[in-house]
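Trainee: Before I rely on words such as buried or salt bridge, I would like to see how each of them is earned. Could we go through them one by one?

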Amino acid sequence: SMLLIGFAGVSQTNWYVATTGNDGTGDGSSGNPWLTIQYAISQASNVVTDTIYVAAGTYSEKILIDRSVVLRGAKYGQDARSRNTATGESILDGTSASGSAYDAIMIDHGVSNVIIDGFEIRNYSATAQGDGNAISSYVMDDDVAGSSNVMVLNNYIHDVAYNGILVGSEACTSGSMTNQRPNYSSVPRPSSLVPRPSSLVSRPS
């Protein structure tokens, strides 16, 4: 579990997204969901970490996460290596995706306390070198704030142009990325490979 610190008088909220939803007339409830994940993120709190539940179906989006949030696909909590991925997935498909991000899901600079759990991510291509990652949290210079407490869990990632999960910093002299925890059940891997360590992926300060 993850400890989330809130503020007096502000409570965490659950929001809902479905392919049958509507960003204009929906209210984000389970009975009247929104249509797009990006819109749901824009409506989430900037003070506490809200949770967005994304129903099974296909979403053609490039998502920019600009605040603390929990994204839960229909298969959240289910190991991507052993679950049935043939049906019932919340799918991010890049075939005709639109959005401001370069990748399927891009975590903006300085954004912390993010969980991405239970999605299928596929068919993201590159328009420039380094684009087309499934999930990225990356900084390139010391003048940009890094992220912390990012967890990527139980995601089935395939057919992307670059990395499945890109975490890191480039041309930085200070510790800008901390407590990044990709869970390697997120990417199905051949059983012949040596299992990755479960320790945090951190950068020196």
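Mentor: What follows sets values from the model against the definitions behind the words. This is a predicted model, in which local features need pLDDT of at least 70 and side-chain atom pairs count only at pLDDT 80 or more, while totals for chains, interfaces and linings use all residues. Residues are numbered from 1 along each chain as its sequence is written, and side-chain values use heavy atoms, with hydrogens and water left out.

Trainee: How many helices and strands does the protein have, and how do you know what counts as one?

Mentor: There are 1 helix and 14 strands in the protein; both are DSSP runs numbered from the N terminus, a helix being H or I over at least four residues and a strand being E over at least two.

Trainee: What makes strands 3, 6, 9 and 12 a sheet, and is the pairing parallel or antiparallel?

Mentor: Two strands pair if DSSP finds at least two bridges between them. Strand 3 and strand 6 pair over 3 bridges, strand 6 and strand 9 are joined by 4 bridges, and 4 bridges also join strand 9 to strand 12, so each of these counts meets the requirement of at least two. The result is an open sheet of 4 strands in the order 3-6-9-12, with parallel pairing. Its edge strands are strand 3 (57-59) and strand 12 (156-160), each of which pairs on one side only. On average, neighbouring strands of this sheet are turned by 15 degrees against each other, direction ignored, where the axes are lines fitted to C-alpha atoms (for helices over the stretch in contact) and angles run from 0 to 180 degrees between N-to-C directions.

Trainee: Which residues stand opposite each other in these pairings?

Mentor: Among them, Thr-58 stands opposite Ile-91 in strand 6. Asp-93 has Arg-122 as its bridge partner in strand 9, and Arg-122 in turn has His-158 as its bridge partner in strand 12.

Trainee: Why is the contact between Arg-122 and Asp-93 called a salt bridge?

Mentor: The term asks for a side-chain nitrogen of Lys or Arg within 4 Å of a carboxyl oxygen of Asp or Glu. The side chains of Arg-122 and Asp-93 meet at 2.6 Å, N to O, so the pair satisfies that limit. Because Arg-122 lies in strand 9 (residues 119-124) and Asp-93 in strand 6, the pair ties together parts that are 29 residues apart in sequence.

Trainee: Are these two partners buried or exposed, and how do you know?

Mentor: Buried means under 20% relative accessible area, exposed means over 50%, and partly exposed lies in between, with a 1.4 Å probe and protein chains only. Asp-93, at 7%, is therefore buried, whereas Arg-122, at 22%, is partly exposed.

Trainee: Which other salt bridges are there?

Mentor: The structure holds 6 salt bridges. One of them joins Lys-75 and Glu-89 at 3.3 Å, N to O; both residues lie in the loop between strand 5 (69-72) and strand 6 (90-93), 14 residues apart. Lys-75 has 10% relative accessibility and so counts as buried, as does Glu-89 with 4%. Another links Arg-81 with Asp-79, the closest N and O atoms being 2.8 Å apart. Here Arg-81 is exposed, because its relative accessible area is 54%, while Asp-79, at 25%, counts as partly exposed.

Trainee: Why is the pair of Trp-34 and Tyr-39 called edge-to-face?

Mentor: Rings of Phe, Tyr and Trp (its six-membered ring) pair if their centres lie within 6.5 Å; planes under 30 degrees apart count as stacked, over 60 as edge-to-face and the rest as tilted. The structure holds 4 aromatic pairs. In the one formed by Trp-34 and Tyr-39, the centres are 5.4 Å apart with 80 degrees between the planes, so the pair counts as edge-to-face. Trp-34 is buried at 5%, and Tyr-39 is partly exposed at 29%. Ring pairs also link Trp-15, Trp-34 and Tyr-39 into a cluster.

Trainee: How much of the protein counts as buried?

Mentor: Of its 205 residues, 41% count as buried. One buried residue is Tyr-124, with a relative accessible area of 4%, which lies in strand 9.
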